[in-house]
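Colleague: Got a minute to walk me through this one? I'd like to see it before we start.

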Amino acid sequence: MNVHAPSFFVPPRPPAPAEELSLYRFLVAVRTNALQIWSKSAYEQDVVVGSALGRTRLLINAPDAIHRVLVENTANYSRTSATIRILRPIVGKGLLLSEGEEWRHQRRTIAPALAPRVVPVIARHVALATEEMLAQLAAAAARGPVDILAAVQFLALEIAARSMFSLEMRQYGVALRRFITRFAAKLGRPYFLDLMLPAAIPTLRDLARMRFRAQWVAFMDEIIAARLRAPAQGKPRDLFDMLLAARDPETGEAFSRAQLRDQMATMIVAGHETTALTLFWALYLLASSPADQERVANEVRGVDLAPDAAADALTKLAYTKAVVNESLRLYPPAFAIARMAIGPDRLADVAAPRGALVMISPWVLQRHVRLWKDPDAFNPGRFLADAPLPHRFAYMPFGAGPRICIGAQFALTEACLVLAMMVQRFHVALADARPVLPRAVIVTQPDHAAPFWLRPRSESR
Ligand code: HEM
């Protein structure tokens, strides 16, 4: 026995079913906890083939096959009708759901606004909003355990909204939050008919989604109109200024008012809950693994994380970043990337017929027994500079290929800075022993809002 072998925290996970699910149990699992749609063997195999209602379903783990779907033959794979049906009412014709030439035009035009050189603008908004939240948390923590999930959800939406519309948030922030929460609570969840009917056949829930869309569009248009009345002062203040000035580098085309609105909605929706959950899981893991928390605390001690210094501080946060990456491995917020095959293809020697549902699951892939050593253990060391790089198609919390997350840099900047600021200020501990299990409905959330103790660092030493 190697007495020096480090012992890692192994967080609990929901049990995987012993065998493939029936259609009924599959549909129930999608609604309640999609992490349980994959049986034990999914974490060991290259491809899992199933079928439901005459439609082939493939889960692919083989790197070559993933490369084929997301990179080499990407034109053959479109968004699924369930994705379109559920998200169209809130993101409209923005980048997330567009396809073909329209998607290329949008991606080229938006990319510079989210390029690494924009990090200082984002870092400033992140640090400012986090400073405000830390003050509120300090007051709440003095009274007892705090609901960290609610705090990071509030913060991530605040950061997304301020990074898009810094000027207007005082006036519109509360209403914006209300819209997003209303959509997420009901209309944004998948129902049986969403999964079974083609997008062209509306359900009653779709009618409610259409009503929501009319109100949402009017609201976003109002914010944009207010913003256009506030003249720019040269330097871009936020993503709105950048997207307003953005031009397609090939055609010189600018976004229309409607396109601008759908892009802003897309960024807010795609970006805030995913980043909030990354933060929740990172804090949960650090609370459960005191040695790793101390390592982050040592790294951030004395680092200037004030709004004007935050962007430069990022280079000093190697371990904090490794914790974020490892949290994204164990709890990828986007637990599945789904595509529909437009035409027939072959994936890892398996036929993918036209219309097949092809799934790549960062959740399965990043805990696959053949791709990872101790796949369920929390070990940020995997992501330090001296560790071997994970296979490109074994770790993909942000997807891969041309449709890779355009906000990845934004999300990583935000997650690292907020985590660093939290641990610099507080010692974080779970307030009860109830296990926290991941539950995936649209994104990978905790099954309950676990209470945390936050002790100011100066007092805890
Ligand atoms: C930890 C946080 C995040 C995670 C885990 C995440 C994950 C992903 C994944 C897996 C995809 C690819 C989906 C696919 O191929 O079907 C994606 C796409 C996208 N993400 Fe993110 N995302 C995060 C944060 C953000 C942020 C902060 C923004 C905006 C500022 C954003 C905007 C988008 C957009 C617009 C797309 C669609 C890109 C396209 O289709 O060209 N995401 N994201």
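We'll go through a helix pair, the ligand shell and a sheet.

Colleague: Before I lean on it, what kind of model is this?
Modeller: This is a predicted model.

Colleague: OK, helices. At what angle do α7 and α9 pack?
Modeller: About 165°, with the axes 11 Å apart. Helix α7 covers residues 169-187 and helix α9 covers 204-229. Angles over 145 degrees count as roughly antiparallel, so α7 is roughly antiparallel to α9.

Colleague: And is the crossing left-handed or right-handed?
Modeller: α7 and α9 cross in a left-handed way. On the α7 side the contact uses Y172, A175, F179, F183 and L187. From α9 you get R205, A208, R209, F212, W216, F219 and I223.

Colleague: How do those contact residues divide?
Modeller: 10 are nonpolar, 2 are charged and none are polar.

Colleague: Switching to the ligand. Which residues come nearest?
Modeller: G271, T274, G399, C405 and G407, out of 22 around the ligand. Two elements give two or more residues to that shell: α11 (257-288) and α16 (408-425).

Colleague: Which element has the largest share?
Modeller: That's α11, with 7 residues. The whole shell splits into 13 nonpolar, 7 polar and 2 charged.

Colleague: Last thing, the sheet. What's the strand order?
Modeller: β1-β2-β8-β5-β3, an open sheet of 5 strands with mixed pairing. The edges are β1 (47-52) and β3 (77-78), each pairing on one side only.

Colleague: How do β2 and β8 run, and how many bridges join them?
Modeller: They run parallel, joined by 3 bridges. L59 has M359 in β8 as its bridge partner.

Note on methods: Residues numbered from 1 in each chain as written. Predicted model: local features only at pLDDT ≥ 70, side-chain atom pairs only at ≥ 80, totals over all residues. Axes fitted to C-alpha atoms, helices over the stretch in contact; angles between N-to-C directions. Helix = DSSP H or I, 4+ residues; strand = E, 2+ residues; numbered from the N terminus. Parallel < 35°, antiparallel > 145°, perpendicular 65-115°, else oblique. Left-handed = near helix turned anticlockwise from the far one by under 90°. Contact = placed C-beta atoms within 7 Å. Nonpolar A, V, L, I, M, F, W, Y, C, P; charged D, E, K, R; others polar. Near = placed C-beta within 6 Å. Pairing = 2+ DSSP bridges.
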